[in-house]
Amino acid sequence: MSYFHDSSAITRREVAPGVVLRTMWGEKVMMSVVEIAPKAVLPGHTHPHEQAGMVLEGEFELTIAGETRTISKGD
């Protein structure tokens, strides 16, 4: 298993119109790079585990457990 990943070499998958995902993982961790085009909408969904993320640029509305916030670079 490699501990180093080149995110530019990871296969990009469009999971919704304008939403592109690249995922890397190890034995106990997974990380995704998500690119969201302006005005794109990612359908609501759930995960059985906790997730964390950071906005690198732009801003968007995010709803978690019924609470919606606008998040932007650095959040």
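**Salt bridges, strands and a nonpolar patch**

Guide: In this predicted model, the side chains of Glu-67 and Arg-69 meet in a salt bridge, with an N to O distance of 2.8 Å.

Visitor: Why is the contact of Glu-67 and Arg-69 called a salt bridge?

Guide: The definition asks for a side-chain nitrogen of Lys or Arg within 4 Å of a carboxyl oxygen of Asp or Glu. The N to O distance for Glu-67 and Arg-69 is 2.8 Å, so the pair meets the criterion.

Visitor: Why is Arg-69 called exposed, and what is Glu-67 called: buried, partly exposed or exposed?

Guide: Exposed means over 50% relative accessible area. Arg-69 has 54% and is therefore exposed. Glu-67, at 44%, lies between the cut-offs of 20% and 50%, so the term for Glu-67 is partly exposed.

Visitor: How many salt bridges does a search of the whole structure find?

Guide: The search finds three. Another of them joins the side chains of Arg-12 and Glu-35, at 2.8 Å from N to O. This pair links distant parts of the chain, 23 residues apart: Arg-12 is in the segment before β1 (13–16), and Glu-35 is in strand β3.

Visitor: What makes Arg-12, Arg-22 and Glu-35 a network?

Guide: Glu-35 also forms a salt bridge with Arg-22, whose closest N and O atoms are 3.2 Å apart. Arg-22 in strand β2 and Glu-35 in strand β3 are 13 residues apart. Glu-35 takes part in the bridge to Arg-12 and in the bridge to Arg-22, and the three residues are thus linked in a network of salt bridges.

Visitor: Why is Arg-22 called buried?

Guide: Its relative accessible area is 12%, and buried means under 20%, so Arg-22 qualifies. Arg-12, at 47%, counts as partly exposed, and Glu-35, at 30%, also counts as partly exposed.

Visitor: How do you know that β2 and β3 pair?

Guide: Pairing requires at least two bridges between the strands. Seven bridges join β2 (residues 19–25) to β3 (residues 30–36), so the condition is met; the strands run antiparallel. They form a hairpin with four residues between them, and Trp-25 stands opposite Met-30 in β3.

Visitor: What makes Leu-62 eligible for the nonpolar patch?

Guide: Patch residues need over 30% relative accessible area and no salt bridge. Leu-62, in strand β4, has 33% and therefore passes the area cut-off. Val-34, Ile-36, Phe-60, Leu-62 and Ile-64 make this surface patch of about 410 Å². The largest share, three residues, comes from β4.

Notes: Residues numbered from 1 in each chain as written. Predicted model: local features only at pLDDT ≥ 70, side-chain atom pairs only at ≥ 80, totals over all residues. Heavy atoms only, no water. Helix = DSSP H or I, 4+ residues; strand = E, 2+ residues; numbered from the N terminus. Patch = residues over 30% accessible without salt bridge, like charges linked within 9 Å, V, L, I, M, F, W, Y side chains within 5 Å. Areas by Shrake-Rupley, 256 points an atom, 1.4 Å probe, with all protein chains shown as cover. Buried < 20%, exposed > 50% of the residue type's maximum accessible area, 1.4 Å probe, protein only.
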